[in-house]
Amino acid sequence: MLVISSLQHGHGRLMFLLSLFKVLLAIEERLIKDVLSETQASDDLNEREKKAEIRGFGEVTFSIWSLKEAEACTTEVYCSEEFMADVCRREVGLDISRCEVQRTLRGGDRDSIGKGKVIGYCKVTYKDCEKLQVNRH
């Protein structure tokens, strides 16, 4: 009788832990959808694709999934001559040129995804590319 009671109690604990795990997964999935639904963030863009987006549309928005990616979302990285050299030439004759990086993150001790984790997105805007000259014959 004691063995059966122990087995039932152990099974109850296991079921509780499985239910708790399912709830935590659902919360994490909802958080990710909430963050990414706020923007048109693209996943897994490589550097070449990011540059092409800026060149074509004047901006790019991409997902952040780690602290390392969050730390790289800065003007020092995306507004540098090193990065922008392959994007376009700077338009000359402008009174004000502007390169902007916006970082939006969730995470940390007080967020449900937990300490040391972040999710969010990075938006880089640079609309001061030299216009391409089109030859019309």
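Which hand does the link of C88 and C129 have about the S-S bond? Left-handed, with -75° about that bond. Bear in mind that this is a predicted model. Some notes from going through it:

1. The C88–C129 bridge. The two sulfur atoms sit 1.9 Å apart. C88 is in the loop between α5 and β2, while C129 belongs to the segment after β3, so this disulfide ties together parts that are 41 residues apart in sequence. Both C88 and C129 are buried.

2. The C73–C122 bridge. Here the S to S distance is 2.0 Å, and the link is right-handed, with 85° about the S-S bond. It connects distant parts of the chain: C73 comes from the loop between α3 (67-72) and α4, C122 from strand β3, and they are 49 residues apart. C73 and C122 are buried.

3. The C79–C99 bridge. S to S is again given as 2.0 Å, and with -85° about the bond this link is left-handed. C79 lies in the loop between α4 and α5 and C99 in strand β2 (residues 99-108), so the pair ties together parts 20 residues apart in sequence. As for exposure, C79 has 24% relative accessibility, and because buried means under 20%, C79 counts as partly exposed. C99, also at 24%, counts as partly exposed too.

4. Overall connectivity. That makes three disulfides in the structure. Number the bonded cysteines in sequence order and the pairing reads 1-5, 2-4, 3-6.

5. Helix α2, inward side. In α2 (residues 47-57) the buried residues are K50, K51 and I54. Looking down the helix axis, they fall within an arc of 100°, so they line one face of α2. Yes, two of those names are lysines, K50 and K51. The buried residues of α2 pack against β1 (59-64), α4 (75-78), α5 (81-84) and β3 (114-126).

6. Helix α2, other side and ends. R48, G56 and F57 are exposed on the other side of α2. At the N-terminal end, N46 acts as the cap: one of its side-chain oxygens lies 3.1 Å from the backbone nitrogen of R48. After α2 comes G58, with a positive phi near 85°.

7. Strands β1 and β3. β1 is mostly covered, with five of its six residues buried. β1 pairs with β3 in the antiparallel sense, over six bridges. If you want a spot to check the register, S63 stands opposite Y121 in β3. β3 also carries C122 of the disulfide in point 2, and β3 is among the elements that the buried residues of α2 pack against.

Definitions and conventions: Residues numbered from 1 in each chain as written. Predicted model: local features only at pLDDT ≥ 70, side-chain atom pairs only at ≥ 80, totals over all residues. Heavy atoms only, no water. Buried < 20%, exposed > 50% of the residue type's maximum accessible area, 1.4 Å probe, protein only. Helix = DSSP H or I, 4+ residues; strand = E, 2+ residues; numbered from the N terminus. Arc of directions from axis to C-beta. Contact = heavy atoms within 4.5 Å. Polar contact = N/O pair within 3.5 Å; in protein donor to acceptor, adjacent residues only side chain to side chain. Pairing = 2+ DSSP bridges. Disulfide = S-S within 2.5 Å.
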